[in-house]
Amino acid sequence: MLIALDMDGTLLNEEGKISPKNREAIINAQNLGHIVIIATGRSFMEAERQLRLADLECPVVSLNGAVVTLSDRTLAASKPLNKEDIIPALRWMNEIPDLYYEVYTEDNVYVELNKRVRLEKLSALSEEEVPEEVSWLLKAMIDQQFQQAAVTYVESMEEIWSKEENVIYKTLAFSLNRELLKEASTRFAAIPGLIITASHVNNIEINHEDANKGSGVTMLADHYGIPLTDVAVMGDSYNDQPMFEVAGYRIAMANAAPILKEMAEFVTVTNDEDGVAAGLEHLLNLNSKSPLS
């Protein structure tokens, strides 16, 4: 069986770490002969750093499927964005104070300093000024930046996309103003060869049209000769939906988006309650009684 795990909101707890129980559960599944992979919106370098801290080795579907890397660091797939196509839309976002955005290369995340300042100001707004369903996302985005080692703040994003050697795989935009997000989404949707997804109603993520967690998981399943009926996935956000759509068995976190819970065969506990460990225990117990195939 191939088991795909999302990172943020799933494998990682609120401190941005892989808990000892989750680590134990992954090793147990690997020892039983199952292949455990990571499917994340994070860069490969950042995902690998988290795995290394927990002394784990797994193939990684990173940047929402734009990069697929085997356990031995062999690059199995790479689907970057065409910089020339997206730069006009990125420049437009630069001019909109209420639109925060990040640009992802294979091993780094770039943020303009003025956008970072804007995000911090938003996080400081009172509960009356920020809807409850959005306040947690603001906090999560700030926390994730502090937890990620590979975040670089620049005076101008022009210095990033103007360098030929910088290959862009993903960009993420966030705003409390959903009309602005809708306009950003419309601008990117007009560019051929892109896919626009979201991990929350207040953000959008832009990747190559062939880059999503579903395609990345499918590629690794093919690589290891495992039918999709024998693929299980675990996640919490909207960008996990593509891998939920291709998998034979789906596990949603208790903190997952409603649509994932509707699609799931099983809902585990939250990411801060060792939900991956509980989900894997359920999955392996189920598989021992009646294999997914």
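Visitor: How many cavities of 30 Å³ or more does the structure hold?
Guide: This is a predicted model, in which local features need pLDDT of at least 70 and side-chain atom pairs count only at pLDDT 80 or more, while totals for chains, interfaces and linings use all residues. Residues are numbered from 1 along each chain as its sequence is written, and side-chain values use heavy atoms, with hydrogens and water left out. On a 1 Å grid over the protein atoms alone, a cavity is a set of points where a 1.4 Å probe fits but cannot get out. Counted in this way, the cavities of 30 Å³ or more number one.

Visitor: Which classes of residue line the largest cavity?
Guide: The lining, meaning residues with an atom within 4 Å of a point, consists of Asn64, Thr197, Asn207, Ala211, Asn212, Lys213, Asn239 and Pro242. Ala and Pro count as nonpolar, Lys as charged, and residues outside the nonpolar and charged lists as polar. The classes are therefore two nonpolar, five polar and one charged.

Visitor: Which helix gives the largest share of the lining of the second largest pocket?
Guide: A pocket is an open set with protein on both sides within 12 Å along at least five of seven lines, and the second largest holds about 150 Å³ of space. Of its 14 lining residues, the closest to its centre are Glu48, Leu56, Glu57, Cys58 and Ser71. The largest share, four residues, comes from helix H3 (residues 44-53).

Visitor: Which residue lies over the face of Tyr104?
Guide: A charge sits over a ring if NZ of Lys or CZ of Arg is within 6 Å of the ring centre and within 35 degrees of the ring normal. At 4.2 Å from the ring centre of Tyr104, the residue is Lys170.

Methods. Grid points are joined across faces, edges and corners, and a volume is the space filled by probe spheres set on the points. Helices (H or I, at least four residues) and strands (E, at least two) are DSSP runs, numbered from the N terminus.
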